[in-house]
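Colleague: I should like to learn how the surroundings of a ligand are read. May we work through one case together?

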Amino acid sequence: MTYEYDLFVIGAGSGGVRAARIAAGYGARVAVAEDSRVGGTCVIRGCVPKKLFVYAGRFGDALHDAAGFGWSVPPASFSWEIFKTKRDAEIARLEGLYNNTLNNNKVEVIRERASISGPHEVILASGRTVSAGKILIATGGTPARLPVEGAQHAIVSDDIFDMPHQPASIVVVGGGFIALEFASLLAQLGSVVHLIHRGEKLLSGFDEDLRDCALEALKGRGVNVFLQENIAKIERDGSQKRVTLQSGSVISTDCVFMATGRTPNVQSLGLEAVGVALGKAGEILVNAQSQTNIPSIFAVGDVTNRVNLTPVAIREGHAFADTQFGNLPRSVDHSLVAKAVFTTPEIGTVGLSEQEAIAQGVDVKLFTTRFRPMVNTLSGRADRVFMKLVTDAKTTRVLGCHICGPEAGELIQLVAIAIQMKATKADFDATIAVHPTMAEELVTLR
Ligand code: FAD
């Protein structure tokens, strides 16, 4: 049986682009269908535009802190409109690079929505059907809205990048990394921010100490945090929104932003008809090789709801292409993925939390420190740095590291290498410090 393509990829996001490019590099005939913009969530409406927003917010802090170092700073203001124009241009540039990468690797890009009509057949929105030896679903996820009255008046993360003007006030709903990052950066940019979270603490799943740090970080930037609170309804009130909380409080705001999770993009993909098995959250179930229960159909990235981060989707796409087209069987180890939350200060985490280590029966030995970073002495800023190593008392292996402080995302990437290499506390101690830095604390913890 000959097919038009060796591989047909649905979705040109992080996982799909990587898989398509690597497979084509092995000589496979590859097409990728994309119904929005090439680059996917990360490049167009996720990590990249968000991080540019984070940088924008932090200049406000820098201008403020400069005075403590002797600078006289004239009154400064932020233009959402100028920033948006520049950010959009940068995203368009990156989208162009992604397109070039696919073209240079001879991947055919089909600008259409695609769904699956058979184990080796894809149907495009135009009605054209194509055949492929293998099909890779890399369709990502979509922001979910809470099912409350008036939910249609709220925006989701996709929309925030299109807002033409800065909201003077905003209610952010959620306690995960997207909610916290936007609450933090919008407060830095000068919006009045309320954060509503149903749980007792923010950042579910993180080390408990980091969860406390996250709350401090938001409060330190003036965010009004409501814990164990829910939205009851949202009503339009002229140009404002009236948010009624379950406790009965009412907040009048410019904008309500629901950052309440994401659902895998499986709707109208034709999966039921072909018999692709889904999990409880609607995710595509796959084995370690990202293969579904239909042998010719594979899935990578957020649509499989394993670890929903860009580098993971990329790694899964790469491993799929190596295995299926490069004769290099690989699977991805999801057990040790470092993560950052780009609040200010930042959070970086890798490996086991204290609570996870205890639950696994480890005889845990902890090393923690909390201090004021040198830069904050003259600036007068109150933010403190927190660092924690979770170690196994018997083997002295470092099992986890949790940091809240400036550039914690950068720091945790390097600690992740040491933990990946199974470093012990003695290895950390044998490493001579770089002085004066914050990171030196990691090798001098007693
Ligand atoms: P995506 O990148 O979402 O790509 C899927 C693509 O498929 C999309 O382009 C979509 O248009 C297309 N598509 C869907 N259905 C079809 C169809 N039927 N036909 C054709 N095309 C289709 N991760 C990090 O690692 N670091 C971060 O800082 C970070 N920040 C984030 C901030 C926000 C606001 C959000 C929303 C996410 C963030 N993420 C971050 C997560 C990251 O963006 C995702 O994990 C990553 O993009 C997943 O890649 P993917 O390939 O699975 O899907």
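Colleague: Which helices each supply at least two residues of the shell around the ligand?

Modeller: This is a predicted model, in which local features need pLDDT of at least 70, side-chain atom pairs count only at pLDDT 80 or more, and totals for chains, interfaces and linings use all residues. Residues are numbered from 1 along each chain as its sequence is written, and side-chain values use heavy atoms, with hydrogens and water left out. Helices (H or I, at least four residues) and strands (E, at least two) are DSSP runs, numbered from the N terminus. Here the helices are helix 1 (14–25), helix 2 (40–45), helix 3 (47–66), helix 6 (177–188) and helix 9 (310–325). Helix 2 gives the most, with 4 residues.

Colleague: Which residues come nearest to the ligand?

Modeller: A residue is near a molecule if one of its heavy atoms lies within 4 Å of it. Of the 36 residues around the ligand, G15, E34, T41, K50 and D302 come nearest.

Colleague: Where are polar contacts to the ligand found?

Modeller: A polar contact is a pair of N or O atoms within 3.5 Å; within protein, one must be able to donate a hydrogen and the other to accept it, and residues adjacent in sequence count only if both atoms are side-chain atoms. An N or O atom in the side chain of E34 is 2.6 Å from an oxygen atom of the ligand, and a polar backbone atom of D302 is 2.8 Å from a ligand oxygen atom.

Colleague: Is R381 buried or exposed?

Modeller: Buried means under 20% relative accessible area, exposed over 50%, partly exposed in between (1.4 Å probe, protein chains only). R381 has 14%, so R381 is buried. The side chains of R381 and D65 are joined by a polar contact of 2.9 Å.
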